[in-house]
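Open the model in your viewer and show it as a cartoon with side chains on call. The tour below moves from stop to stop, with a selection at each one.

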Amino acid sequence: MQILVIGAGVVGLSVARQAALAGHEVIIAEKTSGIGNGVSSRNSEVIHGGMYYPTGSLRARHCPRGRHMMYEFCASHGVPHRKCGKLIVATEDAEVAKMEAILKQGQANGVEGFRMIDGAAARAMEPQVSCVAALHSPETGIVDSHSFMRALQGDLEDRGGVIAFNTKVERLIHTQAGWVVRYSGSESGELAVDAVVNSAGLGAQALARHTDDYPENRVPRLVLARGNYYGYAGRPVFSRLIYPAPRIDGGLGTHVTLDLAGRMRFGPDVEWIDKEDYNVNPERAKSFYASIRRYWPGLPDNSLQPDYAGIRPKLTGPGEPAADFIIEGPAQHGLPGLVQLFGIESPGLTSSLSIAEDVVSYLKS
Ligand SMILES: Cc1cc2nc3c(=O)[nH]c(=O)nc-3n(C[C@H](O)[C@H](O)[C@H](O)COP(=O)(O)OP(=O)(O)OC[C@H]3O[C@@H](n4cnc5c(N)ncnc54)[C@H](O)[C@@H]3O)c2cc1C
């Protein structure tokens, strides 16, 4: 088949690579001038364990499976990564019940080595942390996400796949033979292909609305939740990722993330917004100090600087339960040769290789 994948984020690149490995002819259309310029360049770069997601959900399926695939891929392709481990910390007794629920869910999801430890054991691992108990996930890690995406692009191109940059897909027209794709950008025109994958991230709903014959009631709403990050100016004090017990809507709590050089940053928080805007408001620092000091009382004054922000393509809003990924192929929506992906927020990076396998298998049906 000739397959057009829309979007050169981590999911589109993974899908395109998988399709090329399966012997298909693959083109990616990407509206910007490079890979990973959307959600994929503005995240925590964490290879998640997969402990939070409800049994039977797509996130519970793809996160642990994708994590295994990702560690293997990183090792075989020389992608910088580190299995640094993570602590989820309870800072008061009232949070311990929440931790027990996460422990159970993590074990059900197959998160290896995931266990509860007491405050003293947590301090033996991370002397600066303050907590009454913690969950330790030794399998959680960090990755250089741009190297990961470049390696996916390399595999794709080795198999003859191509990326058309500065190419925005405007409309998908369903025909007897497959799909006609209308595009604009540095050039404009039409291309006929056998199958199409919509992995346009924040643009997925807009594109689904411009897909002929795709029912409007199957297009979920898009809710934007900005996650702001603050950099830490001093010497790093943690060597593992530290997460608070989740207590806010829409995120995992303001946590410590590390890059591969060991530098610490804090975030992302959750800020509901109406339109794409990546400015970090310095005023939000106040709430960061308060929430970080719950588990790191030693955080010095004036040590946080606004860093960057990412936007989660959510399907539900404030106060509503978190939504699962939506990945729909012909069996769900009835149109042959089309896969739609909506709401691929965290843990989409970790899940990308696993999602890709499913998407390519849907195109066979
Ligand atoms: C704050 C934050 C923190 C996160 N942290 C983590 C984490 O630590 N670990 C983890 O596993 N996941 C994390 N995630 C989730 C992860 O980053 C995403 O799930 C993943 O990057 C989504 O990739 P994607 O390819 O679907 O989307 P994108 O990377 O956004 O790619 C979509 C691409 O489509 C292009 N596009 C859009 N419309 C069109 C069009 N009409 N025509 C052509 N091209 C188009 C865009 O330019 C873009 O390049 C986080 C997300 C956020 C926001």
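A residue counts as buried when its relative accessible area is under 20%. Keep that cut-off in mind for the first stop. The model is a predicted one.

**Stop 1: the cysteines**

Select Cys84. Its relative accessible area is 11%, so Cys84 is buried. Now look for a partner. The closest cysteine sulfur belongs to Cys74 and lies 13 Å from the sulfur of Cys84, which is too far for a bond. The cut-off for a disulfide is a pair of cysteine sulfur atoms within 2.5 Å.

Go on to Cys63. With 0% relative accessibility, Cys63 is also counted as buried. How many disulfides does the structure hold? The count is 0. Cys63 is thus left without one, and the nearest cysteine sulfur, in Cys74, is 14 Å away.

**Stop 2: H1 against H5**

Select helix H1, residues 10-21, and helix H5, residues 145-158. Their axes come within 9 Å and cross at roughly 25°. Angles under 35 degrees count as roughly parallel, and H1 and H5 are therefore roughly parallel to each other. The H1 and H5 crossing is left-handed.

Show the side chains at the contact. H1 contributes Val10, Leu13, Ser14, Ala16, Arg17 and Ala20. From H5 come Phe148, Met149, Leu152, Gln153, Asp155 and Leu156. Sorted by class, this contact has 8 nonpolar, 2 polar and 2 charged residues.

**Stop 3: H1 against H9**

Keep H1 and add helix H9, residues 348-364. The axes of H1 and H9 come within 8 Å. They cross at roughly 40°. Which hand does the crossing of H1 and H9 have? It is right-handed.

Colour the contact residues next. On H1 they are Val10, Val11, Ser14, Val15, Arg17, Gln18 and Ala19. On H9 they are Gly348, Leu349, Ser352, Leu353, Ile355, Ala356, Glu357, Val359 and Val360. The classes here are 10 nonpolar, 4 polar and 2 charged residues.

**Stop 4: two cis prolines**

Select Ser346 and Pro347. The peptide bond between them is cis, with omega near 5°. Pro347 sits in the loop between strand S21 (338-342) and H9.

Then select Gly267 and Pro268. Their peptide bond is cis, with omega near -10°. Pro268 lies in the loop that runs between strand S17 (264-267) and S18.

**Stop 5: a glutamate in a loop**

Select Glu276. Its loop lies between strand S18 (271-273) and helix H7 (285-293). Buried or exposed, or in between? Glu276 has a relative accessible area of 48% and is partly exposed.

Add Ala225. Glu276 and Ala225 are 51 residues apart in sequence, yet 9.5 Å apart in space, C-alpha to C-alpha. Now show what Glu276 touches. Leaving aside residues up to four places away in sequence, Glu276 is in contact with Leu202, Leu224 and Ile311.

**Stop 6: positive phi at two asparagines**

Select Asn166, in the loop between strand S9 (162-164) and strand S10 (167-174). Asn166 is not a glycine, but its phi is positive, about 50°. Its relative accessible area of 33% makes Asn166 partly exposed.

Finish at Asn302. This residue is in the loop between H7 and strand S19 (304-314). Its phi is near 55°, again a positive value in a residue other than glycine. At a relative accessible area of 71%, Asn302 is exposed.

How values were computed. Residues are numbered from 1 along each chain as its sequence is written. This is a predicted model: local features need pLDDT of at least 70, side-chain atom pairs count only at pLDDT 80 or more; totals for chains, interfaces and linings use all residues. Side-chain values use heavy atoms; hydrogens and water are left out. Axes are lines fitted to C-alpha atoms, for helices over the stretch in contact, and angles run from 0 to 180 degrees between N-to-C directions. Helices (H or I, at least four residues) and strands (E, at least two) are DSSP runs, numbered from the N terminus. Angles under 35 degrees count as roughly parallel, over 145 as roughly antiparallel, 65 to 115 as roughly perpendicular and the rest as oblique. A crossing is left-handed if the near helix is turned anticlockwise from the far one by less than a right angle, and right-handed if clockwise. Contact means heavy atoms within 4.5 Å. Ala, Val, Leu, Ile, Met, Phe, Trp, Tyr, Cys and Pro count as nonpolar, Asp, Glu, Lys and Arg as charged, and the others, Gly among them, as polar. Buried means under 20% relative accessible area, exposed over 50%, partly exposed in between (1.4 Å probe, protein chains only).
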